[in-house]
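Colleague: Could you take me on a close look at one helix, and then show me how its surroundings fit together? I am new to this, so please go slowly.

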Amino acid sequence: MPKVKNEMVRCVVVLSAIALIAGVLLGFFSQLTALTEEDIRLRTEKKIAAIYSLSNLTELEGAEDDNIGGFYKGSNESGDVYVVIATGAGGFGGKVQMYVFIQNDQIVRLGAGSHGETPGTSDKAFSGTHYQKYYGVNILENSFALGGEGENGVDAMTGATYTSTAVNNAVNNAIAYYRANR
Amino acid sequence: MQHKKLSQIAVNGLLNENPTFRLVLGMCPTLAVTTSLINGVGMGLATTFVLFCSNLLISLLKNIIPDKVRIPAFILVIATFVTIVEMVMNKYMEGLYQALGLYIPLIVVNCIIFARAESFASVNPVLPSMVDGLSMGLGFTAALAVLGSIRELLAYGKLGGIVLLGEWFPGIAMLGTAPGGFLTLGLCMALFNYVYGRVTEARAHKKQAKAKEENV
Amino acid sequence: MSDKKLMMSSSPHITATHSTRSIMRDVLIALAPALAAGIYFFGLRSLVVVLLSVASCMLSELLFTALRKKPCTLSDLSAAVTGVILGLNLSPLVPFYVPVFGGVFAMLIVKMPFGGLGKNFANPAAAARVFLLLSFSTAMGRFMNPVDWTGAGAIFTGMGGADAVTGATPLVTGDASYLNLFLGNVGGCIGETSALALLLGGLYLLIRRVIHWRVPVLVLLSGAVFSALFAWDLSASLYTVLSGGFMLGAIFMATDYATSPNTVWGSVIYAVFIGFVAVLLRSFTNMPEGISFAILLGNLITPLLDKYIYPRPFGYQKKGKEGAKNA
């Protein structure tokens with residue numbers, strides 16, 4: 001009996017010891033490799049530049065909003081461009097993050113951020129062809145409606161309807177934030 | 001299996017017991033990340049690092065860990081190193097981190113690491129275990145590199161992100177997807193084993209001939 | 001008494017006249033009307049595509065047998081048949097590398113590594129078509145409307161003569177007339193459009209006893225029934241059967257000896273399954289065409305069907321009769 005008990009105690013001790021050391025190691029590395037605010041900002045700016053390169057990119061102060069991940073302003077030859085990073089619900093894999101570029105109260109560029117959509121199947125909804133439907137429409141008056149009529153109506157891409165819904169919601173969230181905070 | 005020489009162990013993981021083409025271990029990441037050369041090599045090197053560290057630590061602890069709890073202990077060790085790799089990659093190699101995505105944490109359950117821990121590191125001294133870890137990892141990396149380059153080149157006309165084949169190349173899109181991965185893996189495995197078989201046969205013949213000469 | 005020489009041999013002493021080569025020859029003859037219809041509707045480019053496919057298949061098989069140091073099996077014409085069927089499954093406008101890649105894939109990956117004729121696990125033409133669909137989706141999706149023979153250079157449409165008019169196939173538009181579908185005066189793959197030509201070929205094969213009516217008829221029937229069911233509309237059945245690769249697949253690809261079941265009930269299940277899956281894919285997915293995938297899936301379940309459905313042994317009598325005899 002004591003031998004069995006001894007064995008069990010030894011197992012517990014060894015495992016706990018390893019777990020403790022592992023915990024300490026991980027804690028140390030976690031501190032070491034934590035993403036600073038600076039890191040995050042740099043990454044967002046890199047991402048923005050990858051979609052649409054702008055000069056004088058600065059971060060703007062805006063109201064706190066669960067759906068908005070960032071609000072920036074930059075400029076190109078045609079004037080100021082506002083960048084709103086918004087997420088929209090309704091995607092196949094949850095929320096979809098979109099980078100919305102607004103100039104002269106019209107959307108001039110869209111780009112996808114992080115999302116959980118199926119690669120391949122959802123590509124259609126993240127393509128230039130789909131984004132074109134959003135460009136050039138004055139966004140002060142109306143939001144975009146999936147399947148609606150007129151210039152604010154956007155057709156979902158067949159085979160990527162969930163993704164199209166999420167993209168649309170993200171764009172609308174971006175527009176609402178822009179109207180409220182510009 | 002007790003190998004005598006360190007050099008033998010070092011070559012083992014690259015050739016006779018190449019994890020991908022001979023042991024057929026670690027198939028899941030192999031099929032998933034070999035869509036490009038850089039992804040393949042990145043995953044391979046991350047796995048090599050984890051293999052090396054886990055083999056080292058487990059070999060150090062082999063007399064302390066009771067047999068009953070060796071599996072949880074191994075997993076604890078492996079998971080720790082994988083998490084460290086993940087955190088480091090997130091901070092310093094973001095592009096690769098995004099590309100490999102979900103497959104980085106999956107290194108924990110990569111059969112290669114667990115198999116070597118169980119069959120080699122837990123019964124061999126520290127230095128051979130370290131060499132074995134490195135060798136298996138590099139063998140895996142080499143295999144991923146080969147598969148990655150073939151698939152990237154034939155599916156997208158690129159290699160390492162650089163466009164090698166111009167517009168005229170249509171690109172066999174299927175090779176960039178899972179079925180294409182299986183096909184490429186199967187064909188490469190067949191080729192590797194064929195060449196390996198021929199070389200070993202030739203070597204065996206030479207040895208036989210030499211032995212006969214010496215006996216005569 | 002006897003000038004005749006006595007020959008000694010073991011049974012059987014009477015053999016049928018057909019060989020692999022003669023069967024393949026019959027299939028080629030049966031495919032001729034479909035090819036002719038393809039050339040008639042789409043111009044000489046169709047012939048070039050089919051010839052490229054045949055050449056690619058035959059060269060690949062030659063390459064493999066040479067590399068493996070096995071005797072050359074080209075003379076059994078099976079590579080040619082695969083080449084023609086594959087070619088007929090392609091759009092007349094495909095770039096020329098498409099039939100070449102298809103032929104290589106069909107021979108070097110689907111057929112030869114598994115043992116060659118009779119040992120393939122799936123129909124090489126169907127598998128190659130699926131490979132091409134997945135690899136070159138845009139190129140495979142361009143179809144043309146039938147040639148206007150009154151125009152100049154019509155016979156060289158798409159090859160430097162008249163320009164081919166690209167258009168959606170009846171599978172996508174859903175509104176071709178039954179007469180056009182039957183005769184083949186619609187867009188589509190080279191060999192699949194003319195139901196008339198395919199039926200003529202199928203009839204020839206039935207007469208020559210190369211295929212049994214069971215599989216093609218049941219595939220078409222099950223396709224018709226299920227499409228009417230899914231669309232809740234009887235007219236859908238005729239449209240489904242006449243459009244796309246349904247008939248070509250049912251008559252020439254689903255009946256491949258090596259990849260279809262050996263038993264009666266096995267073939268029945270196989271054929272109904274193929275019809276069902278093809279219509280399922282057409283009705284509920286984005287793909288306009290589902291028959292190649294359906295045939296592939298059917299090929300994959302064939303070993304299962306052969307394993308569990310026992311053929312009746314020669315001379316076997318059902319237990320009831322035997323019991324009555326003994327009692």
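Modeller: Happy to! A residue is called buried here if 20 or more other C-beta atoms lie within 10 Å of its own. Keep in mind that this is a predicted model.

Let us start with helix α14 of chain C, residues 291–308. Its 18 residues should span 26 Å at 1.5 Å a residue, and because the end C-alpha atoms are 25 Å apart, the two values agree. Even so, α14(C) bends by about 35 degrees at Ile301(C). A proline, Pro303(C), follows that residue within four residues.

Now look along the helix for buried positions. Ile291(C), Ser292(C), Phe293(C), Ala294(C), Ile295(C) and Leu296(C) are among them, and so are Gly298(C), Asn299(C), Thr302(C) and Leu305(C). What lies over these residues? The cover includes α5, α12 (246–253) and α13 (264–284), which belong to chain C.

One of those covering helices, α5(C), leads us to a neighbouring chain. On the side of chain C that touches chain B, α5(C) gives the most, with 3 residues. The contact as a whole takes 8 residues from chain C and 5 residues from chain B. On the chain C side, 6 residues are nonpolar, 2 are polar and none is charged.

Next, the nonpolar cores. The largest has 91 residues, and Leu31(C), Val84(C), Ile85(C), Leu88(C), Ala106(C), Ala128(C) and Ile274(C) touch the most other members. Helix α1 of chain C, residues 20–42, supplies the largest share of this core, 10 residues. Leave aside residues up to four places away in sequence, and the contacts of Leu88(C) include Leu31(C), Ala34(C), Leu35(C), Val50(C) and Leu248(C). There is also a second, separate core of 43 residues, with Ala117(B), Ala121(B), Phe140(B) and Leu144(B) included.

For a helix to set beside α14(C), try α4 of chain B, residues 70–92. This one has 23 residues and reaches 33 Å from its first C-alpha to its last, close to the 33 Å expected. Its buried residues include Phe74(B), Val77(B), Phe81(B) and Ile84(B). Among the elements covering the buried residues of α4(B) are α3 (37–61) and α6 (111–121) of chain B, together with α1 of chain A.

That last helix is worth following too. Where chains A and B meet, chain A contributes 15 residues and chain B contributes 17 residues. Helix α1(A), residues 2–32, gives 12 residues, the largest share of the chain A side. That side divides into 10 nonpolar, 2 polar and 3 charged residues.

Terms used: Residues are numbered from 1 along each chain as its sequence is written. Chains are lettered from A and ligands numbered from 1 in the order in which they are written. This is a predicted model: local features need pLDDT of at least 70, side-chain atom pairs count only at pLDDT 80 or more; totals for chains, interfaces and linings use all residues. A nonpolar core is a set of buried Ala, Val, Leu, Ile, Met, Phe, Trp, Tyr and Cys residues joined through C-beta atoms within 7 Å. A residue is buried if 20 or more other C-beta atoms lie within 10 Å of its own, exposed if 12 or fewer, and partly exposed in between; C-beta atoms are placed from the backbone. Helices (H or I, at least four residues) and strands (E, at least two) are DSSP runs, numbered from the N terminus. Two residues are in contact if their C-beta atoms, placed from the backbone, lie within 7 Å. Ala, Val, Leu, Ile, Met, Phe, Trp, Tyr, Cys and Pro count as nonpolar, Asp, Glu, Lys and Arg as charged, and the others, Gly among them, as polar. The expected span of a helix is 1.5 Å times one less than its number of residues. The bend at a residue is the angle between axes fitted to the seven residues ending there and the seven starting there.
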